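Q: I would like to go through this model and see which descriptive terms its values justify. Could each term be set against the cut-off behind it?

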Amino acid sequence: KQWYQRGVREAVVSTQSTGTNLPIFRIQECTVRRRYSDFEWLRGELEKESKIIVPALPGKALKRMLPFRGDDGIFEEEFIEERRQGIESFINKIAGHPLAQNEKCLHIFLTDAVIDKNYVPGKVRN
C-alpha cells in the first residue's frame, strides 16, 4: 500500500508499506518513506543489474512545478492519485517478479530506512 503526504513547501513523499509471506524477504512487514527519485534509483539499478524488462514509472512532473500555474501543481489531488496508482503498479510488478525478488537493490528499497546508494550490487540468498 502507498499513500502520499502533503506538507507546506515539502516534496511529495510516498510511505511504502510492504507485507509478504515470500521466504526470500528477511523482513515480512516494513514501512519506509520514499521520494520519486528513490523509485528512479531502484528502476536504474534493476536495469543495470537484473535480466528483467523493468516497467516504466509515471512521468516526471516538470510542468507542474512551474510557478504561476493557477493550480496546486504537484500537490493537486488528481495528480497525486494518478502518480500513486502508477507507482503502486510499478512496485507491485517489480516485487512480484521472481528474478527481481533476488536483487539486493529491491530488498534495500523495500526494507532499509535509508537507501545506501554505495551498496554492492548482487543477489540475495535465503
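A: The model is a predicted one, and its protein has three helices and three strands, which follow one another along the sequence in the pattern β-β-β-α-α-α.

Q: How do you know how far to trust the coordinates of the protein, in terms of pLDDT?
A: The protein averages a pLDDT of 76, and 66% of the residues score at least 70. Among the elements, helix 1 (residues 36-49) has the highest mean pLDDT, 92, whereas strand 1 (residues 2-5) has the lowest, 40. Over residues 1-11 the pLDDT is below 50, although this stretch has 34 contacts in the model beyond near neighbours in sequence. Where pLDDT is low, the predicted coordinates should not be read in detail.

Q: Why are helix 2 and helix 3 called oblique to each other?
A: Helix 2 and helix 3 pack at an angle of about 130 degrees, with their axes 11 Å apart. Roughly perpendicular covers 65 to 115 degrees and roughly antiparallel begins over 145, and an angle of about 130 degrees falls in neither class, so the two helices are oblique to each other. The contact is made by Ile-91, Ile-94 and Ala-95 of helix 2 and by Leu-106, Phe-109 and Leu-110 of helix 3.

Q: Why are helix 1 and helix 3 described as roughly antiparallel?
A: Their packing angle is about 165 degrees, with the axes 9 Å apart; angles over 145 degrees count as roughly antiparallel, and the pair is therefore described in that way. The contact is made by Asp-38, Phe-39, Trp-41, Leu-42, Glu-45 and Leu-46 of helix 1 and by Cys-105, Leu-106, Ile-108 and Phe-109 of helix 3. The crossing of helix 1 and helix 3 is left-handed, and the crossing of helix 2 and helix 3 is left-handed as well.

Q: What makes up the largest nonpolar core, and which of its residues touch the most other members?
A: This core has 20 residues, of which Trp-41, Leu-42, Phe-90, Ile-91, Ile-94 and Phe-109 touch the most other members. Helix 1, helix 2 (77-95) and helix 3 (104-111) each supply at least two residues of the core. Not counting residues up to four places away in sequence, Phe-109 touches Val-32, Arg-34, Asp-38, Phe-39, Trp-41, Leu-42, Ile-91 and Ile-115. In soluble globular proteins, nonpolar side chains tend to be buried together.

Q: Why does Ala-113 count as buried or exposed?
A: Ala-113, whose place is in the segment after helix 3, has a relative accessibility of 65%; the cut-off for exposed is over 50%, so Ala-113 counts as exposed. Leaving aside neighbours within four places in sequence, Ala-113 is in contact with Val-32 and Arg-34. The C-alpha atoms of Ala-113 and Arg-33 are separated by 7.2 Å, with the two residues 80 apart along the chain.

Q: And why does Gln-101 count as buried or exposed?
A: Gln-101 lies in the loop between helix 2 and helix 3, and its relative accessibility is 12%; buried means under 20%, so Gln-101 counts as buried. The C-alpha atom of Gln-101 is separated by 8.2 Å from that of Val-124, which is 23 residues apart from Gln-101 along the chain.

Q: How many of the protein's 126 residues are buried, as a percentage?
A: Buried residues make up 41% of the 126 residues. As for contacts between residues at least 6 apart in sequence, 51% of them join residues at least 24 apart.

Conventions
Residues are numbered from 1 along each chain as its sequence is written. Side-chain values use heavy atoms; hydrogens and water are left out. pLDDT is the predictor's confidence in each residue, from 0 to 100. Helices (H or I, at least four residues) and strands (E, at least two) are DSSP runs, numbered from the N terminus. Contact means heavy atoms within 4.5 Å. A nonpolar core is a set of buried Ala, Val, Leu, Ile, Met, Phe, Trp, Tyr and Cys residues joined through side-chain atoms within 4.5 Å. Buried means under 20% relative accessible area, exposed over 50%, partly exposed in between (1.4 Å probe, protein chains only). Axes are lines fitted to C-alpha atoms, for helices over the stretch in contact, and angles run from 0 to 180 degrees between N-to-C directions. Angles under 35 degrees count as roughly parallel, over 145 as roughly antiparallel, 65 to 115 as roughly perpendicular and the rest as oblique. A crossing is left-handed if the near helix is turned anticlockwise from the far one by less than a right angle, and right-handed if clockwise.
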